[in-house]
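User: I am in my first year and would like a close look at a single part of this protein, namely its nonpolar core. Please take me through it slowly and show me how the neighbouring parts relate to it.

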Amino acid sequence: MEKYTINGYAVEYDTFDLDEIERWDSAIQAVSGESGRTVPGEGACGLMRRVCVAMLDFFDTVLGPGTARAAFGDKVNVKDIAEAYRSFTSAVSADRKNLSLTSQPAANRAQRRAAKKGGRQAVSALDP
């Protein structure tokens with residue numbers, strides 16, 4: 001379980017739990033959907049409020065109900081919410097990027113022979 005800070009509020013998040021990753025992906029898509037959606041007659045303030053509410057919902061969905069209120073109180077400050085969202089999502093993404101589920105492919109027979117001989121001979125792909 002990793003520790004993160006959201007707007008000065010310390011949280012723990014199990015960055016590598018598969019259920020958490022699925023919940024994360026769903027919540028990220030919800031925020032993206034709101035930020036990309038246009039509402040006829042909606043002004044800039046309405047758009048910002050809608051996206052901020054989506055980000056606050058993201059925190060509650062990913063980190064548990066009440067997290068957004070604990071981190072931001074009753075205010076909907078666009079700058080604080082956007083910076084916290086960007087910071088948290090970047091930190092989690094960076095942590096996940098360091099995880100590698102694939103190993104290096106095993107060397108083929110020709111590569112093993114060349115390494116064993118000190119690489120003195122050229123290795124042909126046709127060598128058995």
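Analyst: In this predicted model, the largest nonpolar core has 24 residues, and those with the most contacts inside it are Ile 6, Phe 58, Phe 59 and Phe 88. At least two residues of this core come from each of β1, β2, α1, α2, α3 and α4, while α2 gives the most to it, with nine residues.

It helps to place these elements within the whole chain. The protein chain has five helices and two strands, and from the N terminus on they run in the order β-β-α-α-α-α-α. Of the 128 residues in the chain, 27% count as buried. When contacts with a separation of 6 or more are considered, 59% of them join residues that are 24 or more positions apart. Turning to the outside, the chain exposes about 8,900 Å², and carbon and sulfur atoms supply 53% of that area.

Ile 6 is a good residue to begin with, as it is one of those with the most contacts inside the core. Leaving aside its neighbours within four places in sequence, Ile 6 is in contact with Val 11, Phe 59, Leu 63, Ala 71, Phe 72, Ala 84 and Phe 88. Among these partners are Phe 59 and Phe 88, which are themselves listed with Ile 6 as having the most contacts inside the core.

The next element to follow is α2, which gives the most to the core. Its 20 residues should span 28 Å at 1.5 Å a residue, and its end C-alpha atoms are 28 Å apart, which agrees. The buried residues of α2 are Arg 50, Val 51, Cys 52, Ala 54, Met 55, Leu 56, Phe 58, Phe 59, Val 62 and Leu 63. What covers them includes the strands β1 and β2 together with the helices α1, α3 and α4. Just after α2, Gly 64 takes a positive phi of about 110°.

Gly 64 also leads us on to Thr 67, since the backbone oxygen of Gly 64 lies 2.7 Å from a polar atom of the side chain of Thr 67. Thr 67 belongs to helix α3, which covers residues 67–72. The relative accessibility of Thr 67 is 8%, so Thr 67 counts as buried, the limit for that word being under 20%. Not counting residues up to four places away in sequence, Thr 67 touches Tyr 9, Val 11, Phe 59 and Asp 60. Phe 59 and Val 11 therefore appear both here and in the list of contacts of Ile 6.

Helix α1 offers a clear example of how a helix can have two sides. It runs over residues 18–36, has 19 residues, and reaches 27 Å from its first C-alpha to its last, close to the 27 Å expected at 1.5 Å a residue. The buried residues of α1 are Glu 20, Trp 24, Ala 27 and Val 31. Seen down the axis of α1, these residues fall within an arc of 75°, so they line one face of the helix. The general reason is that an α-helix has 3.6 residues a turn, so residues three or four places apart point the same way. β2, α2 and α4 are among what covers the buried residues of α1, whereas the face turned away from them carries the exposed residues Leu 18, Asp 19, Glu 22, Gln 29 and Gly 36. At the N-terminal end, α1 is capped by Asp 17, with a side-chain oxygen 3.0 Å from the backbone nitrogen of Asp 19.

The loop between β2 and α1 deserves a look as well, and Thr 15 is found there. Thr 15 has a relative accessible area of 0% and is therefore buried. Its side chain makes a polar contact of 2.7 Å with the side chain of Tyr 4. Beyond its neighbours within four places in sequence, Thr 15 is in contact with Glu 2, Tyr 4, Ile 21, Val 92, Asp 95 and Arg 96. Asp 14 is found in this loop too, but Asp 14 is partly exposed, with a relative accessible area of 28%. Its contacts, not counting residues up to four places away in sequence, are Met 1, Glu 2 and Glu 20, and Glu 20 is one of the buried residues of α1.

Finally, Asn 7 lies in the loop between β1 and β2. Asn 7 has a positive phi of about 55° although it is not a glycine, and most residues other than glycine have a negative phi. At 37% relative accessibility, Asn 7 counts as partly exposed.

How values were computed:
Residues are numbered from 1 along each chain as its sequence is written. This is a predicted model: local features need pLDDT of at least 70, side-chain atom pairs count only at pLDDT 80 or more; totals for chains, interfaces and linings use all residues. Side-chain values use heavy atoms; hydrogens and water are left out. Helices (H or I, at least four residues) and strands (E, at least two) are DSSP runs, numbered from the N terminus. The expected span of a helix is 1.5 Å times one less than its number of residues. Buried means under 20% relative accessible area, exposed over 50%, partly exposed in between (1.4 Å probe, protein chains only). The arc is that of the directions from the helix axis to the C-beta atoms. Contact means heavy atoms within 4.5 Å. A polar contact is a pair of N or O atoms within 3.5 Å; within protein, one must be able to donate a hydrogen and the other to accept it, and residues adjacent in sequence count only if both atoms are side-chain atoms. Accessible areas come from the Shrake-Rupley method with a 1.4 Å probe; for residues, only the protein chains shown count as cover. A nonpolar core is a set of buried Ala, Val, Leu, Ile, Met, Phe, Trp, Tyr and Cys residues joined through side-chain atoms within 4.5 Å.
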